[in-house]
Amino acid sequence: MLFVGHDMHGVQRVAIMGGPGSGKSTLARALGAGLGLPVFHMDHIHWKPDWVERAKPEKIALARDVMAREAWIFEGGFSAIQAERLARAQVVIWLDLPYVRRMWRVLRRTAAWYGQVRPDMQTGCPEGRNPEMLEFWRFIWRTRHTSRQKVAASLDPLPGHLTLHHLHSPRQVRAFLKNVTL
């Protein structure tokens, strides 16, 4: 499902999907800098400061505000708006990395950022101090197969206006970034 040709000239809306630890935020920042597009993180929508989860209707409204913009790179998952986001996007990048690698990355970033707020996280939400951290790890484990199936189902059939880049490894992500034509 990897489409050859990474011409991103004129692209204004990019959706980045993948499980926790797949590198969505890192890729979004790199593409945002390279394309000159604003980057939006679903974690900013999902959380209020101090790890307070927003109500679903508020999350939907905030996500729709992002999607209504003319230009964006919007990373993260939220199934309630997935179809709408794909309808507005021009390019979707699916980071489909193996569970073990993703879990390792989550553990590594938790240790590296412990007590600090990551750039892609909501203000007041320091890494590793989420009272739901154990539940987050359980979520990663429980959804290691089903989340991948949900993304695949949302892209089948692929809407005709959408270009898909389905990347399976950090090596493919690096090659994608290296070969992107801006």
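Reader: Which residues have the most contacts inside the largest nonpolar core?

Author: They are Trp-72, Phe-74, Ile-81, Val-92 and Leu-155. The core has 21 residues. This is a predicted model: local features need pLDDT of at least 70, side-chain atom pairs count only at pLDDT 80 or more, and totals for chains, interfaces and linings use all residues. Residues are numbered from 1 along each chain as its sequence is written, and side-chain values use heavy atoms, with hydrogens and water left out.

Reader: What makes a set of residues a nonpolar core?

Author: The members are buried Ala, Val, Leu, Ile, Met, Phe, Trp, Tyr and Cys residues, joined through side-chain atoms within 4.5 Å. In soluble globular proteins, nonpolar side chains tend to be buried together.

Reader: Which elements each supply at least two residues of this core?

Author: Strand E1 (13-18), helix H2 (42-46), helix H3 (56-67), strand E5 (72-75) and strand E6 (91-95) do. Helices (H or I, at least four residues) and strands (E, at least two) are DSSP runs, numbered from the N terminus. H3 gives the most, with 4 residues. Another core, of 18 residues, lies apart from this one. Among its members are Ile-16, Ala-28, Leu-95 and Leu-167.

Reader: Why is Trp-72 called buried?

Author: Its relative accessible area is 0%. Buried means under 20%, exposed over 50%, and partly exposed in between (1.4 Å probe, protein chains only). Trp-72 is under the limit, so it counts as buried. Phe-74 also counts as buried, at 0%.

Reader: What does Leu-155 touch, leaving out residues up to four places away in sequence?

Author: Leu-155 touches Met-17, Leu-86, Val-92, Trp-94 and Leu-164. Contact means heavy atoms within 4.5 Å.

Reader: How many aromatic pairs are there?

Author: The count is 3. Rings of Phe, Tyr and Trp (its six-membered ring) pair if their centres lie within 6.5 Å; planes under 30 degrees apart count as stacked, over 60 as edge-to-face, and the rest as tilted.

Reader: Why is the pair of Trp-47 and Trp-51 called edge-to-face?

Author: The ring centres are 5.1 Å apart, and the planes stand at 80 degrees. That angle is over 60, so the pair is edge-to-face. Both residues are buried. Trp-72 and Phe-74 make an edge-to-face pair too, because their centres are 6.1 Å apart and their planes are at 80 degrees.

Reader: How do you know that Arg-144 sits over the ring of Trp-141?

Author: Its charged end is 3.4 Å from the ring centre. A charge sits over a ring if NZ of Lys or CZ of Arg is within 6 Å of the ring centre and within 35 degrees of the ring normal. Arg-85 lies over the face of Phe-74, at 5.2 Å from the ring centre.

Reader: Is Asp-120 buried or exposed?

Author: Asp-120 is buried, because its relative accessible area is 5%. It lies in the loop between helix H5 (99-113) and helix H6 (133-142).

Reader: What makes Asp-120 and Ser-25 a polar contact?

Author: Their side chains are joined at 3.0 Å. A polar contact is a pair of N or O atoms within 3.5 Å; within protein, one must be able to donate a hydrogen and the other to accept it, and residues adjacent in sequence count only if both atoms are side-chain atoms. The side chains of Asp-120 and Arg-118 also make a polar contact, of 2.7 Å.

Reader: Why is Glu-84 called partly exposed?

Author: Its relative accessible area is 29%. That lies between the two limits, so Glu-84 is partly exposed. Its place is in helix H4 (residues 82-88). A polar contact of 2.8 Å joins its side chain to that of Arg-64.

Reader: Why is Asp-50 called exposed?

Author: Its relative accessible area is 60%, so it counts as exposed. Asp-50 is found in the loop between strand E3 (47-48) and strand E4 (52-53). It has a positive phi of about 65 degrees, although it is not a glycine. Trp-51 lies in the loop between E3 and E4. Trp-51 counts as buried, because its relative accessibility is 12%.

Reader: Where does pLDDT stay under 50?

Author: It does so over residues 1-5. pLDDT is the predictor's confidence in each residue, from 0 to 100. The mean for the protein chain is 89, and 95% of its residues reach 70 or more.
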